[in-house]
Amino acid sequence: MLQATEKLGNGFCLGDLEVRPRHGLIRRSNGTVHVEPKVMNVLLVLAERAGEVVTRDELIERVWNGSPVADEPLTRCISSLRRYLDDSPRKPRFLETIPKRGYRLMLSIESAGTIEPFPANRRRSADRTPTNSIAVLPFVNLSGDASQDSLADGLSAGITNTLARSAGLAVVSRTSAFCFKSRHADVRSIGRRLATRTLLEGTVHRSGDRVQITVALIDARSGYQRWA
């Protein structure tokens, strides 16, 4: 594990993906993939500088510890990384090539904190999903004013904390649920990834002194709305 990226070692979210470097795994909506160590280290360096251009020389210096290597190993790692991310060099969602310079991870990342290892069998894991379980997804700010994002985030966090005090109810942590902020994903996929039976989603619209809040409970297995 690269020392400078130790803070990301426990895992982080990249768009709708979960990356768990210590286990060498990336979880996507269509399954879990095992990532080679060098490829994971390339991703870690890029994640550490998410949104910035990382030169090829810097990647070689960091990942290969300054050993004199040609460009080919890095090129292979980048190609493999795109395959693991299910990304395209022509229409990238995650990894952008900057001609004659290097590469840039296009999305910001969010640390996932201390998280459990991947289950060896995803089907068995789904069967162990608690019946009384819920995840509060990040509320969507419909105000057209980015300064109101904190209001939407505060509502999501407050509801999560309140529900967590309910006996017999398993509540997904805020950190895990917030991996899906500003990301479009099928609710059934979200339910599987968060191992929950129920999702609570909502919107906030503030205009002057008036605030309109809408909430809905979604069955994470069927995708049907239970209540609003």
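**Exercise 1.** Identify the residue of β11 that is the bridge partner of Ile134, and describe the surroundings of strand β9.

*Solution.* Step 1: the bridge partner of Ile134 in β11 is Val171. The model is predicted, so local features need pLDDT of at least 70 and side-chain atom pairs count only at pLDDT 80 or more, while totals for chains, interfaces and linings use all residues. Residues are numbered from 1 along each chain as its sequence is written, and side-chain values use heavy atoms, with hydrogens and water left out.

Step 2: strand β9 comprises residues 133-136; strands (E, at least two residues) and helices (H or I, at least four) are DSSP runs numbered from the N terminus. Strand β11 (residues 170-171) pairs with β9 in the parallel sense over two bridges, where pairing requires that DSSP finds at least two bridges between the strands.

Step 3: β9 also pairs with β12 (residues 198-207), in the parallel sense and over three bridges. Here Val136 stands opposite Leu200 of β12.

Step 4: in a regular strand the side chains alternate between the two faces of the sheet. In β9, Ser133 and Ala135 belong to one side and Ile134 and Val136 to the other, and all are buried (under 20% relative accessible area; exposed is over 50%, partly exposed in between, with a 1.4 Å probe and protein chains only). Both faces of β9 are therefore covered.

**Exercise 2.** Determine the strand order of the open three-stranded sheet that contains β5, and state which helices lie on β5, β6 and β7.

*Solution.* Step 1: the order is β5-β7-β6, and the pairing is antiparallel. The edge strands, β5 (53-55) and β6 (95-98), each pair on one side only. From one strand to the next, the twist averages 30 degrees.

Step 2: β5 and β7 (residues 102-105) run antiparallel and are joined by three bridges. Val54 has Tyr103 as its bridge partner in β7.

Step 3: helix α2 (residues 56-63) lies across β5 and β7 and runs at about 70 degrees to β5. Such angles run from 0 to 180 degrees between N-to-C directions, with axes fitted as lines to C-alpha atoms, for helices over the stretch in contact.

Step 4: helix α3 (residues 71-85) packs on the sheet and touches β6 and β7; its direction makes about 145 degrees with that of β6.

**Exercise 3.** Compare the span of helix α1 with the expected value, and decide whether this helix is mostly covered or uncovered.

*Solution.* Step 1: α1 covers residues 37-48 and has 12 residues. From its first C-alpha to its last, α1 reaches 16 Å, close to the 16 Å expected; the expectation is 1.5 Å times one less than the number of residues.

Step 2: α1 is mostly covered, since nine of its 12 residues are buried. Among them are Val39, Asn41, Leu44 and Ala47.

Step 3: Val39 also has a partner in another helix. Ser80, which lies in α3, is in contact with Glu36 and Val39 when neighbours within four places in sequence are left aside (contact means heavy atoms within 4.5 Å). Ser80 is itself buried, with a relative accessible area of 11%.

**Exercise 4.** Locate the loop residues Lys100, Asp86 and Leu107, and describe each of them.

*Solution.* Step 1: Lys100 is in the loop between β6 and β7. Its phi is near 65 degrees, a positive value in a residue other than glycine. Lys100 counts as exposed because its relative accessibility is 90%.

Step 2: Asp86 lies in the loop between α3 and β6. The phi of Asp86 is near 55 degrees, again positive in a residue other than glycine.

Step 3: Leu107 is in the loop between β7 and β8 (109-111), and counts as partly exposed at 23% relative accessibility. Leaving aside neighbours within four places in sequence, its contacts include Leu14, Ala50, Phe94 and Arg183. The C-alpha atoms of Leu107 and Phe94 are 6.2 Å apart, although the two residues are 13 apart in sequence.

**Exercise 5.** State which rings lie beneath the charged ends of Arg83 and Arg174.

*Solution.* Step 1: the charged end of Arg83 sits over the ring of Tyr84, 5.2 Å from its centre. The criterion is that NZ of Lys or CZ of Arg is within 6 Å of the ring centre and within 35 degrees of the ring normal.

Step 2: Arg174 lies over the face of Phe178, at 4.1 Å from the ring centre.
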